[in-house]
Amino acid sequence: KIFQAVVSCIGSDGTIYIIPKSFETALNKLMAEIQDTFKGLGLLIPYCWKKGEACVVRGSDTVWYRAKIVEVNDSTLQVQYIDRGYIESIPQCHLYPTTFYTGIPPFCIPCQLYKTLPIGNFWQQDAVDYLQELLKNEEVEIHVKELPDDPWGKLSISLYFGGMSLSSFMAYQKYCVAEDCQDMQKLGLCEGDLSPSYLLQPLPVPGETFPVRVTHLVSPKEVYICLDSSGNLTERTATERAANCDSESLNKALKWCNKIVNTLPHLTNFKKELPCLAEYMDGLWYRAKLLSITQLVPVQILVQFVDYGTYLVAPTSRLRHIPCHLLKYPVQTVRVLLAGFRPASDDKNLERIPYSPEWSLKALWTMVDCVEGKHLSASILTVSPEVTVSLYGDDKNLVHLKLIEMGLAELDQ
């Protein structure tokens with residue numbers, strides 16, 4: 001069985017406690033009932049607690065939780081939150097014995113990684129800390145491999161985060177040995193000699209009008225667009241729905257990659273068009289490709305962020321190998337030429353775009369104002385030799401009409 005779950009905690013022995021997403025509604029309902037039933041403080045009179053006894057605990061967030069007694073000490077009790085998994089030492093005044101809700105099974109499931117042997121035969125503390133930092137409160141994909149002999153035992157699972165196998169990743173970090181050698185390949189990092197490449201985004205049918213966003217302008221004529229995922233789901237074409245699904249999955253995968261990016265090796269091969277991860281100015285890492293070496297000492301590389309179209313000159317410290325599973329998502333943008341206009345022959349503005357001097361900077365900034373943050377639509381005219389589109393603004397008029405009105409462009413029939 002395969003299902004989505006949230007990791008509630010990692011036990012000190014490396015047990016992974018998960019709450020299936022399908023349990024969330026029932027758990028939230030139970031939690032609301034507990035809050036209505038128990039008010040104020042815990043039991044303030046002396047009470048003889050017993051190991052294994054059911055209780056409710058008032059947590060540090062002042063919320064009541066179901067729990068059971070794990071160990072009895074003089075002034076504190078060690079309890080386990082049965083719907084979360086974690087164990088904590090609590091003063092007796094924050095607990096209350098109860099037989100309420102004992103007929104409802106725990107909502108969290110203890111799990112262990114299938115055919116995965118920790119180094120030294122038990123999970124070292126640094127590995128447990130790493131698992132906790134990586135997984136706590138995160139949504140993951142669970143593949144059930146073996147049921148426990150004991151109903152209260154641990155479920156044997158394969159766990160995937162952002163498309164990566166946790167067993168493979170922890171083995172790569174040398175915290176464990178994964179017996180399933182085939183599974184080990186799934187972490188794969190793309191090396192330069194494999195000549196990997198990105199998949200291209202499928203385009204809508206020529207003549208069909210579809211919603212887009214402009215992600216980057218090279219010139220008023222040359223822009224990068226992506227299919228706009230906002231709007232009515234039922235009105236989207238199959239191409240738009242597929243692109244939206246890819247975009248959501250890619251964003252989740254990139255979120256995970258940003259969590260583990262320090263474990264990925266720096267690039268040592270600078271082959272043109274090589275896919276990689278690159279750090280943008282916001283401190284986050286995105287999919288990119290190498291374009292050229294702009295400086296040798298120190299080395300500076302021109303890269304393009306393939307899901308936006310934007311460019312950046314970056315040092316090698318901001319470039320890392322890309323996990324191969326990130327290549328299965330098509331690039332989110334398409335480079336297109338806008339049809340119907342050309343640079344004005346009598347544009348007297350002296351400030352020109354250095355790499356495209358036929359256009360004035362004023363024409364570029366005017367086009368930016370026409371498309372930035374706007375709900376646009378496009379229709380493909382040609383796909384070869386270049387993808388050429390007509391681009392329409394919020395008002396359903398062609399966006400370049402503003403440039404023509406201002407004398408910054410002229411009609412090109």
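Two strands count as paired if DSSP finds at least two bridges between them. Strand 15 (residues 222-227) and strand 21 meet that bar, because four bridges join them, and they run antiparallel. Keep in mind that this is a predicted model. Below is a quick tour of strand 21 and its partners, the largest cavity, two buried residues, the largest pocket and an open sheet.

**Strand 21 and its partners**

- Strand 21 covers residues 334-338, and its side chains alternate between two faces.
- Val334, Val336 and Leu338 point to one face and are buried, whereas Arg335 and Leu337 point to the other and are not.
- On the strand 15 side, Leu337 of strand 21 has Glu222 standing opposite.
- Strand 26 (residues 388-392) is joined to strand 21 by two bridges, and here the two strands run parallel.
- Leu338 has Val389 in strand 26 as its bridge partner.
- As background, strands of a sheet pair through backbone hydrogen bonds, in either a parallel or an antiparallel way.

**The largest cavity**

- The model has two cavities of 30 Å³ or more.
- The largest cavity comes to about 80 Å³, and 15 residues line it.
- Leu203, Phe210, Ile225, Leu227 and Val334 are the lining residues closest to its centre.
- Strand 14, strand 15 and strand 21 each give two or more residues to this lining.
- Strand 15 supplies the largest share, three residues.
- By class, the lining of the largest cavity splits into 13 nonpolar, two polar and no charged residues.

**His216**

- His216 sits in strand 14 (residues 209-217).
- Is His216 buried or exposed? It counts as buried because its relative accessible area is 18%, and the cut-off is under 20%.
- Leaving out neighbours within four places in sequence, His216 is in contact with Val223, Tyr224, Tyr308, Gly309, Thr310 and Tyr311.
- His216 and Arg335 are 119 residues apart along the chain, yet their C-alpha atoms are separated by 9.2 Å.

**Arg66**

- Arg66 belongs to strand 4 (residues 64-72).
- Arg66 is buried too, with a relative accessible area of 5%.
- A polar atom of the Arg66 side chain lies 2.7 Å from the backbone oxygen of Tyr101.
- Beyond neighbours within four places in sequence, the contacts of Arg66 include Leu30, Ile34, Cys55, Ile82, Asp83, Tyr101 and Pro106.

**The largest pocket**

- The largest pocket has a volume of about 840 Å³.
- It is lined by 35 residues, and those closest to its centre are Ile82, Pro106, Cys108, Pro110 and Trp152.
- Ile82 and Pro106, both in that central group, are also contacts of Arg66.
- Which elements give two or more residues to the lining of the largest pocket? They are strand 1 (2-10), strand 2 (16-20), strand 3 (54-58), strand 4 and strand 8 (109-113).
- The lining of the largest pocket holds 23 nonpolar, seven polar and five charged residues.

**A five-stranded open sheet**

- Five strands make up an open sheet in the order 19-18-17-16-20, with antiparallel pairing.
- Strand 19 (311-315) and strand 20 (319-320) are the edge strands, each pairing on one side only.
- Inside that order, strand 16 (residues 275-279) and strand 17 (residues 285-295) pair antiparallel over five bridges.
- Cys276 has Ala288 in strand 17 as its bridge partner.

Note on methods. Residues are numbered from 1 along each chain as its sequence is written. This is a predicted model: local features need pLDDT of at least 70, side-chain atom pairs count only at pLDDT 80 or more; totals for chains, interfaces and linings use all residues. Side-chain values use heavy atoms; hydrogens and water are left out. Buried means under 20% relative accessible area, exposed over 50%, partly exposed in between (1.4 Å probe, protein chains only). A polar contact is a pair of N or O atoms within 3.5 Å; within protein, one must be able to donate a hydrogen and the other to accept it, and residues adjacent in sequence count only if both atoms are side-chain atoms. Contact means heavy atoms within 4.5 Å. On a 1 Å grid over the protein atoms alone, a cavity is a set of points where a 1.4 Å probe fits but cannot get out, and a pocket is an open set with protein on both sides within 12 Å along at least five of seven lines; lining residues have an atom within 4 Å of a point. Grid points are joined across faces, edges and corners, and a volume is the space filled by probe spheres set on the points. Ala, Val, Leu, Ile, Met, Phe, Trp, Tyr, Cys and Pro count as nonpolar, Asp, Glu, Lys and Arg as charged, and the others, Gly among them, as polar.
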